Amino acid sequence: MTLSVTVWNEGIHEQENEETQEIYPDGIGETMAAFFAEAGYETRVVRMQDPEHGLTEQVLAETDVLVWWGHAAHDDVDDDIADRVVEAVWDGMGYIALHSSHHAKPFMRLVGTDCDEKFRVAEERQRIWVTDPGHPIANGLPEAIVIPESEMYGEPHNIPQPEATVFISWFEGGEVFRSGCCWRRQRGRIFYFAPGHETYPIFHHDQVQQILVNAVEWAQPVQGAVDVTYRHSPDPPEPL
Ligand code: ZN
């Protein structure tokens, strides 16, 4: 079955920032959707400005993996829609949070911490080291990849201890950052990937695209156990 990927794009920098317009003339979300489509996924882009932020019950029901890029307006996301995303993840939808989206409402609600970190925009080199070479999100990657200019995100990062740390980044200024982290919440898989500042062509980078395609594969829903009861269960099961 073809996986269905929904890219949620905040859609503000494309309106206001000339650098972003030059780097992503089609939009950040559309750039991602193009390489997801090339990888064979059914893809759609929704924006914060769409009714219900583009995340209607129907869209979420049809989505296997939701990729979230936001940066400037996390607080403008409606609480009820954020909760709707959280519940969809609990039910098994994959969720990939990019760059500043560790501060997006659904991500923070899923992981349960404020996710604060150090940051600096100063055209610094970022070297992303693979720290878990056997992880599916590292499929096909060399041991390290380089982004020539990036925003520094540095430790400490107030996230709960990841269940897997696939990447750790080094920056020219000397800071390090857990830049590729995995969790599960109920049935859903969550991946946070740190690179992606809007004034650098990070989503045009071949290996970044490879990481995100790998992440979609990893985050896809799995069937898991069926017929699970959460209600009051007055009668004990038959003895084995
Ligand atoms: Zn940024």
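**Exercise 1. Find which residue in β9 is the bridge partner of Ile96, and describe the strands that pair with β9.**

Solution. In this predicted model, the residue of β9 that is the bridge partner of Ile96 is Phe191. The next step is to look at the strands themselves: β4 (residues 94-98) and β9 run parallel and are joined by 4 bridges. On turning to β8, we find that 6 bridges join this strand to β9, and that here the two run antiparallel. Within β9, Tyr192 is the residue that stands opposite Cys181. The hairpin of β8 and β9 has 2 residues between the strands, and in this hairpin Gln186 takes a positive phi near 50°. As a last step we consider burial: of the 6 residues of strand β9 (residues 188-193), 5 are buried, so the strand is largely enclosed by the rest of the structure.

**Exercise 2. Work out which residues form salt bridges with Arg84, and state whether each residue involved is buried, partly exposed or exposed.**

Solution. As background, side chains of opposite charge can pair when their charged atoms come close. The structure holds 11 salt bridges, and we begin with Glu52, which forms one with Arg84, the closest N and O atoms being 2.7 Å apart. Glu52 lies in the loop between β2 (42-47) and α4 (57-61), whereas Arg84 lies in helix α5 (residues 79-90), so this pair ties together parts that are 32 residues apart in sequence. Arg84 also meets the side chain of Glu57 in a salt bridge, with 3.6 Å from N to O. This second pair links distant parts of the chain, since Arg84 is in helix α5 and Glu57 in helix α4, 27 residues apart. Finally we compare the relative accessible areas: Arg84 has 19% and is buried, Glu52 has 40% and is partly exposed, and Glu57 has 55% and is exposed.

**Exercise 3. Describe the salt bridge of Glu175 and Arg120, and then name the residues of a salt-bridge network.**

Solution. The side chains of Glu175 and Arg120 meet at 2.9 Å, N to O. Glu175 sits in the loop between β7 (164-171) and β8 (176-185), and Arg120 in strand β5 (residues 118-130), so that distant parts of the chain, 55 residues apart, are linked. Glu175 counts as buried at 18% relative accessibility, while Arg120, at 30%, counts as partly exposed. For the second part of the task, the network of salt bridges links Asp79, Asp83, Lys105 and Arg109.

**Exercise 4. Explain why Cys115 and Cys182 form no disulfide.**

Solution. The count to be explained is 0 disulfides in the structure. A disulfide requires two cysteine sulfur atoms within 2.5 Å. For Cys115, the closest cysteine sulfur is that of Cys181, at 10 Å, which is too far for a bond. For Cys182, the closest cysteine sulfur is again in Cys181, and its distance of 7.4 Å is also too far for a bond. Both cysteines count as buried, Cys115 at 0% relative accessibility and Cys182 at 2%.

**Exercise 5. Describe the largest pocket by its space and its lining.**

Solution. We start with the space in this pocket, which is about 170 Å³. Its lining consists of Glu57, Leu60, Ala61, Thr63, Arg84, Glu87, Ala88, Asp91, Gly92 and Met93. Sorting these residues by character gives 4 nonpolar, 2 polar and 4 charged. When we ask which elements contribute, we find that α4 and α5 each supply at least two residues of the lining. The lining includes Glu57 and Arg84, whose side chains meet in a salt bridge.

Definitions and conventions:
Residues numbered from 1 in each chain as written. Predicted model: local features only at pLDDT ≥ 70, side-chain atom pairs only at ≥ 80, totals over all residues. Heavy atoms only, no water. Salt bridge = Lys/Arg side-chain N within 4 Å of Asp/Glu carboxyl O. Buried < 20%, exposed > 50% of the residue type's maximum accessible area, 1.4 Å probe, protein only. 1 Å grid on protein atoms, 1.4 Å probe; cavity = no way out; pocket = protein on both sides within 12 Å on 5 of 7 lines; lining within 4 Å. Points joined across faces, edges and corners; volume = space filled by probe spheres on them. Nonpolar A, V, L, I, M, F, W, Y, C, P; charged D, E, K, R; others polar. Pairing = 2+ DSSP bridges.
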